[in-house]
Amino acid sequence: MTINIEYVILRHLQMKLKAPFTTSFGTFQTKELILVEVVDRDGVSGWGESVAFAAPWYSEETVKTNWHMLEDFLVPLALAEPIHHPEELAKRFSAIRQNNMAKAALEGAVWDLYAKRLGVPLSQALGGTKKDIEVGVSIGIQPTVADLLQVIERYVAQGYRRIKVKIKPGWDVDVLRNVRRAFPNVPLMADANSAYTLADVDRLKAIDEFGLLMIEQPLAADDLLDHARLQPLLQTPICLDESIRSYDDARKALDLGSCRIINIKIGRVGGLGEAKRIHDLCRERGAPVWCGGMLEAGVGRAHNIAITTLENFTLPGDTAASSHYWDRDIITPEVEVQDGLIRVPDAPGIGYDVDRRQVERYTQFAKVFHRTMTA
Ligand SMILES: O=C(O)CCC(=O)c1ccccc1C(=O)O
Ligand SMILES: [Mg+2]
């Protein structure tokens, strides 16, 4: 198949979160994001979403650096020549270092277009087989432990398959003890977002008694070695998030024993193609994976659902319902969770319609890039 992109529209959206979301590194009140629409000669649209945040707390990429990379480098590369397969685009992008979230946003739009042209769901185009996916929910740091227990109660009642709580020094061992006491059987994990160092090893060991599924990214975002030192000292499996930006990072982490589980975020690793390669590697190595979240709007959420249909996504991810984040999402239908499950859509491409009226409402500015006329 040949994809000829006729033009690309970048839109900058701002969406208010229903509730502030607090991690060890800061609080999110609103989400700014870039929506990528690629349109081919027949007027078929493919959609992608940049998951970079407005500020460089989680990673060095931001909404503005993504816009710059897309406008000045990536969109011109995508428009330069026909594309025969989305994987080809990722190869074209490899000349540009890092900037994975910007690359993934455009690559994801091309994957959606590719699957729509084939007339198959994106999940199927990626090789996924599941008809529904099990999901969990990530719960931010709350003002008090009582607040946290109340929030967890609500999500457990909604049927989410596992609860993730954010931790940081001073909001960790006691908090987890209280959560465990109130919910002795709930599948539970904690995400530190790099808030600790090896000097905190005793505090981290103290977490072992709560029988967590895993502890996510306790140490530095760019580290594999200290995590490899830490893992043998803990019973709790380490899951890496921030540290895994490529297939090679995943290979090295598994070789070193830096983790036993990997959180795959499509944006962080540079696209669906790389996400799938990491998934395949982890399957061969017997390491389970799950799909992380970046407070995505509907388009990014749909991509997460599609990749999660691959068989080695055996642990519930962070892809919660649209209504967990937004008063009104940008897709129809919105993503719904019933009994902790999301039904995988079977319409072509991402399988949800982009609601252009809502997109308009949230768009602050946009820019169109046309293929350069030749001959
Ligand atoms: O609900 C979500 O989308 C995931 C929430 C989450 O845990 C998160 C949110 C913002 C930045 C980093 C992370 C993370 O997984 O580390
Ligand atoms: Mg994380």
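So, which residues surround ligand 1? Keep in mind that what we're looking at is a predicted model. Going along the chain, the shell starts with Thr-23, Tyr-58 and Ser-138. Then come Asp-191, Asn-193 and Asp-241. After those you get a run from the 290s, Gly-292, Gly-293, Met-294 and Leu-295, and the list ends with Asp-318 and Ala-320. If you sort that shell by character, you find four nonpolar residues, five polar and three charged.

Okay, next stop: Asp-329. Find the loop that runs between α13, residues 322–325, and β12, residues 331–332, and you'll see Asp-329 there. Is Asp-329 buried or exposed? Well, it has 23 C-beta neighbours inside 10 Å, and the cut-off for buried is 20 or more, so Asp-329 counts as buried. Leaving out residues up to four places away in sequence, Asp-329 touches Ala-297, Gly-298, Ser-322 and Glu-334. Also have a look at Asp-355: it's 26 residues away from Asp-329 along the chain, and their C-alpha atoms are 8.4 Å apart.

Last bit, a pair of helices. When two helices pack, people describe them by the angle between the axes and the distance between the axes. Here the pair is α9, residues 247–256, and α11, residues 272–285, with axes that come within 9 Å and cross at roughly 20 degrees. Angles under 35 degrees count as roughly parallel, so that's what we call α9 and α11. Their crossing is right-handed. On the α9 side, Tyr-247, Ala-250, Arg-251 and Leu-254 make the contact. From α11 you get Glu-274, Arg-277, Ile-278, Leu-281, Cys-282 and Arg-285. That contact has six nonpolar residues, four charged and no polar ones.

Note on methods: Residues numbered from 1 in each chain as written. Chains lettered and ligands numbered in written order. Predicted model: local features only at pLDDT ≥ 70, side-chain atom pairs only at ≥ 80, totals over all residues. Helix = DSSP H or I, 4+ residues; strand = E, 2+ residues; numbered from the N terminus. Buried ≥ 20, exposed ≤ 12 C-beta atoms within 10 Å, placed from the backbone. Contact = placed C-beta atoms within 7 Å. Near = placed C-beta within 6 Å. Nonpolar A, V, L, I, M, F, W, Y, C, P; charged D, E, K, R; others polar. Axes fitted to C-alpha atoms, helices over the stretch in contact; angles between N-to-C directions. Parallel < 35°, antiparallel > 145°, perpendicular 65-115°, else oblique. Left-handed = near helix turned anticlockwise from the far one by under 90°.
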